[in-house]
Amino acid sequence: HTARFVIDPEFAVGDVDPRLYGTFVEHMGRCVYTGIHDPGHPTADPAGFRGDVADLVRELGTGLVRYPGGNFVSGYHWEDGVGPAADRPRRLDLAWRSIETNQVGTNEFLTWARQLGLEPMMAVNLGTRGIDAARALVEYCNHPEGTAWSDLRIKHGVRRPHDVKLWCLGNEMDGPWQTGHKSATEYGRLAAEAGKAMRQVDPAIELVACGSSNAGMATFGTWEGEVLEQTYDEVDYLSLHAYYEEFDGDRASFLASGAHMDQYISDVVATAHHVRAVRRAKKHIKLSFDEWNVWYAARFPGERNLATAETPRLIEDTYSVTDAVVVGSLLITLLRHADRVAVACLAQLVNVIAPIRTEPGGASWRQTTFHPFAQAARHAHGRVLRTESSGPRIETARHGEVSALDSVVTYDEDSGALTVLAVNRDQSRPLHLAAALRGGAAGYRLVEHLVLSDDDHDAVNTEAEPDRVVPRRARGTSVTAEGTLEAQLPPVSWNVIRLA
Ligand code: AHR
């Protein structure tokens, strides 16, 4: 039961953009309020942001955070969230039927992000609003001074422009659930004109057009084609969103979710190439996978029809070992497409389908899914290497035949470090990995092999037992005299093998 591949630093796919390790803060449930922001918390800073959560965000290693939504943004008036906090209106948030107090808004979020060294990715409302509100927000955030919007920012206490580079033109505009849902033609025209006006304010910004909400949408494919035809000259990226869950106990298919993501990315790349060819364009559109995760949507029916409340507990999924292995496998998939996927956001950051959980005024802890993300963000840098593995295959009902091994290798030219990320999708058998170290990898030695697995594939971390599931040192891994990396990957496991 052996999977083999060759590691050679010459076989490069592309470079890992640090923006691949992005996350997402939406005004939804308890992501902002009692998540990142909790003025009554013992660790809160003067602005009310939790110090314990800030520490975990640093440890997670995310470099980019998307804000403020999500479905929320499609009804948001950004002006409600700036200026004296006491004057800010309480609004009904239509997306999640919650009360939005607006106590955290653009300046608070961007200041928090800057303090943590995070690049912000802002979304504008193209649901209920349009060109004017979008270009005003860019002016408020990025224009130095001397105009009404930039001077208002200064009056609100922020002298230096926020200089936000990356902007989403709306969110999931193909979804009938979206406030202000549009057809591809309606959205494409609006996105092109809003984007043009935003760039007229600040020519240095980069723009993301909405692709489909997921690959299962009836309009998938035609939406991408039409939107790109309308927006090709204005935008830099097209978005993809995908959430995975286990259906009817079919764990084999769930563990193979990466195969679905892989095909989805390839299909969107093909559509972008088609539009490029038809337009005789030089530019390549890159992909922004700005929402991805495991989300047990089936466990939370009717989340969009709640009684109105402030900070309701929405989709606070508790993740298992299996979920962490799937998240790891999705990360591997994103990395393997590093030539085209330049931005990716694990959705979301705190409490709402998140790697970090908190209690209001109380504890915070790492979910199982925290670990693969943090390890990849820490170690998988530089060049992604092309590897073709041979080995055992697994038959799945949803995604056909997949390999038991899912893996990617990165090579950091600066430090010389090689990192192997590997998942064993087999539920009962360990997998033997044999990777031949060739070319510039010859002579490399093992630094460490950390593995996340458990005899109980459903084990979770909780407030009472926050470190039940953590990566541990694996035994028996070595580099042979012939220069082959040999390792045993337990069933349903996530592995990080570092060589130098
Ligand atoms: O992340 C939760 C929700 O999922 C987002 O608001 C929306 O964009 C997607 O449907």
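Let me begin with the ligand, around which we find Glu26, Met28, Gly69, Gly70, Asn71, Asn171, Glu172, Ser213, Glu291, Ala347 and Gln348. By class, the residues of this shell divide into 2 nonpolar, 6 polar and 3 charged. Please keep in mind throughout that this is a predicted model.

Two of the residues around the ligand, Gly69 and Gly70, bring me to the backbone, since the peptide bond that joins glycine 69 and glycine 70 is cis, with omega about 20°. Glycine 70 belongs to the loop between β4 and β5, and proline 68 lies in the loop between β4 (64-67) and β5 (91-93) as well. The bond leading from tyrosine 67 into proline 68 is also a cis peptide bond, its omega being near 0°. As background, most peptide bonds are trans, and most residues other than glycine have a negative phi.

That second point leads to arginine 280, whose phi is positive, near 55°, although the residue is not a glycine. Arginine 280 sits in the loop between α8 (257-279) and β11 (286-294), and it counts as exposed because it has 6 C-beta neighbours inside 10 Å, where 12 or fewer is the limit for that class. Valine 492, in the loop between β24 and β25 (493-499), likewise has a positive phi, near 45°. Is valine 492 buried or exposed? Valine 492 counts as buried, because 24 C-beta neighbours lie inside 10 Å, and the class begins at 20.

Strand β24 also takes part in an open sheet of 4 strands, which has the order β1-β20-β24-β23 and mixed pairing. At its edges are β1 (2-7) and β23 (478-479), each of which pairs on one side only. Within the sheet, β20 (residues 431-437) and β24 (residues 484-489) run antiparallel and are joined by 6 bridges; in one of the pairs, alanine 435 has leucine 485 of β24 as its bridge partner.

Finally, let us turn to helix α5, which has 18 residues, 184-201. At 1.5 Å a residue the helix should span 26 Å, and the end C-alpha atoms are 25 Å apart, so the two values agree. The buried residues of α5 are Ala184, Tyr187, Gly188, Leu190, Ala191, Ala192, Ala194, Gly195, Met198 and Val201. In reading that list, it helps to recall that an α-helix has 3.6 residues a turn, so residues three or four places apart point the same way. What do the buried residues of α5 pack against? Their partners are the strands β7 (119-124), β8 (166-169) and β9 (206-209), together with the helices α3 (131-142) and α6 (222-231).

Technical notes: Residues are numbered from 1 along each chain as its sequence is written. This is a predicted model: local features need pLDDT of at least 70, side-chain atom pairs count only at pLDDT 80 or more; totals for chains, interfaces and linings use all residues. Helices (H or I, at least four residues) and strands (E, at least two) are DSSP runs, numbered from the N terminus. The expected span of a helix is 1.5 Å times one less than its number of residues. Two residues are in contact if their C-beta atoms, placed from the backbone, lie within 7 Å. Two strands pair if DSSP finds at least two bridges between them. A residue is near a molecule or strand if its C-beta atom, placed from the backbone, lies within 6 Å of it. Ala, Val, Leu, Ile, Met, Phe, Trp, Tyr, Cys and Pro count as nonpolar, Asp, Glu, Lys and Arg as charged, and the others, Gly among them, as polar.
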